[in-house]
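User: I'm new to this one. Can you walk me through the structure?

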Amino acid sequence: MTQSLQEQYATDDNLQARIALHAAFSINPHWAEWLFEQEAPAPGARILDLGCGPATFWRAIKDRIDPSWFIPLADLTPGMVAAARRELGARAVYVVADAQDLPFPADSFDAVLANHMLYHVPDRPRAFAEISRVLVSGGTLHASTIGHGYLAELVALAPHMNAERYSESFGLETGPRQLEPFFTDIHVERFQDALAVTDVEPVLAYLRSSESYNGQDPSRARTTVQNAIARDGAFRVAKPLGVVSCRKA
Ligand SMILES: C[S@@+](CC[C@H](N)C(=O)[O-])C[C@H]1O[C@@H](n2cnc3c(N)ncnc32)[C@H](O)[C@@H]1O
């Protein structure tokens, strides 16, 4: 049985298994810095991070956080908000909140980040209306997400995996037209990356972390990855990802 979103993200354990694979084997380790450069906030900026997870993005750019920024980190689950708080402490403020019903007044933020989370939101038009409401006029939304074919070789290892479901919901190809009724200056930037995996265990941990994992036998996946490492030096996995950015008129 597939886990609910609340079950999958009750704590950061499942997400950390996925983050660990990317951290260890991405050939381009500069995702967070690249994402940060998309906005480069001014002193005093108010930046809302929606679906912040365990604040992995902010941890990577910790040294560049300007103390004058106001940074609420918001997530649907208390477990994720607690993990974010452990990571960033007094540098941010923490809010349990649903993107579809934001507990902030209108015109509160200069920028909203929605990193790899909009594909989870059931009523995205409602979330876009909320994001637009809390942004100032001219404020920006950066919604990072995956593209078609994300982790295709890894997904092919296990029938229970289905990354295309996410790129179909809100991906680099499918996101921009959904934003059109709400925002202007919509554009997509792609980040060049891939995985070159040299250890089978983190791959198996990734497969187990999926919300659709139900005790599936990992032996075929294990053999495929081990053979690729023995033959090619690494199990190579495509990783199309990037950010959809836009502005409130
Ligand atoms: C794939 S994780 C991404 C975490 C983080 N932004 C990152 O890029 O590492 C998705 C996060 O979105 C949160 N989330 C899902 N639906 C949400 C909603 N409707 N409102 C707020 N957060 C949500 C989940 O709890 C989870 O922490």
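Analyst: Here is a short tour by question and answer. This is a predicted model: local features need pLDDT of at least 70, side-chain atom pairs count only at pLDDT 80 or more, and totals for chains, interfaces and linings use all residues. Residues are numbered from 1 along each chain as its sequence is written.

User: How many helices and strands does the protein chain have?

Analyst: Eleven helices and nine strands. Both are DSSP runs, numbered from the N terminus: helices are H or I with at least four residues, strands are E with at least two.

User: And how compact is the protein chain?

Analyst: Its radius of gyration is 18 Å, close to the 18 Å from the globule rule for 249 residues, so the protein chain is as compact as a globular protein of that length. That radius is taken over C-alpha atoms, and the rule is 2.2 Å times the number of residues to the power 0.38. The C-alpha atoms fill a box of roughly 55 × 35 × 35 Å along the principal axes.

User: What share of the residues is buried?

Analyst: Buried residues make up 39% of the 249. Buried means 20 or more other C-beta atoms within 10 Å of a residue's own, exposed means 12 or fewer, and partly exposed is in between, with C-beta atoms placed from the backbone.

User: Let's zoom in. Which strands pair with β1?

Analyst: β4 (residues 109-114) runs parallel to β1, joined by four bridges. Leu48 has Val112 as its bridge partner there. β2 (residues 72-75) also pairs with β1 in the parallel sense, over two bridges. In that pairing, Asp49 is matched with Leu73. Strands count as paired if DSSP finds at least two bridges between them.

User: Which way do the residues of β1 point?

Analyst: Ile47 and Asp49 point one way, Leu48 and Leu50 the other, and all are buried. In a regular strand, side chains alternate between the two faces of the sheet.

User: What covers the buried residues of α6?

Analyst: The cover includes β1, β4, β5, α8 (164-170) and α9 (175-179). The buried residues in α6 (residues 124-134) are Arg124, Ala127, Phe128, Glu130, Ile131, Ser132 and Val134.

User: New topic: the ligand. Which residues come nearest?

Analyst: Tyr9, Gly51, Gly53, Asn115 and Met117, of the 21 around the ligand. A residue counts as near if its C-beta atom, placed from the backbone, lies within 6 Å. The shell divides into eleven nonpolar, eight polar and two charged residues. Here Ala, Val, Leu, Ile, Met, Phe, Trp, Tyr, Cys and Pro are nonpolar, Asp, Glu, Lys and Arg charged, and the others, Gly among them, polar.

User: Which residues have a positive phi without being glycine?

Analyst: Two to look at are Ala40, at about 45 degrees, and Leu151, at about 55 degrees. Most residues other than glycine have a negative phi.

User: Are Ala40 and Leu151 buried or exposed?

Analyst: Ala40 is exposed, with 8 other C-beta atoms within 10 Å. Ala40 sits in the loop between α3 (31-37) and β1 (47-50). Leu151 is buried, with 22 such neighbours inside 10 Å. Its loop lies between β5 (135-146) and α7 (152-155).

User: Last one. What does α11 span?

Analyst: Its end C-alpha atoms are 20 Å apart, which agrees with the 20 Å expected for the 14 residues of α11 (residues 219-232) at 1.5 Å a residue. The expected span is 1.5 Å times one less than the number of residues. Just after α11, Gly233 takes a positive phi of about 90 degrees.

Note on methods. Two residues are in contact if their C-beta atoms, placed from the backbone, lie within 7 Å.
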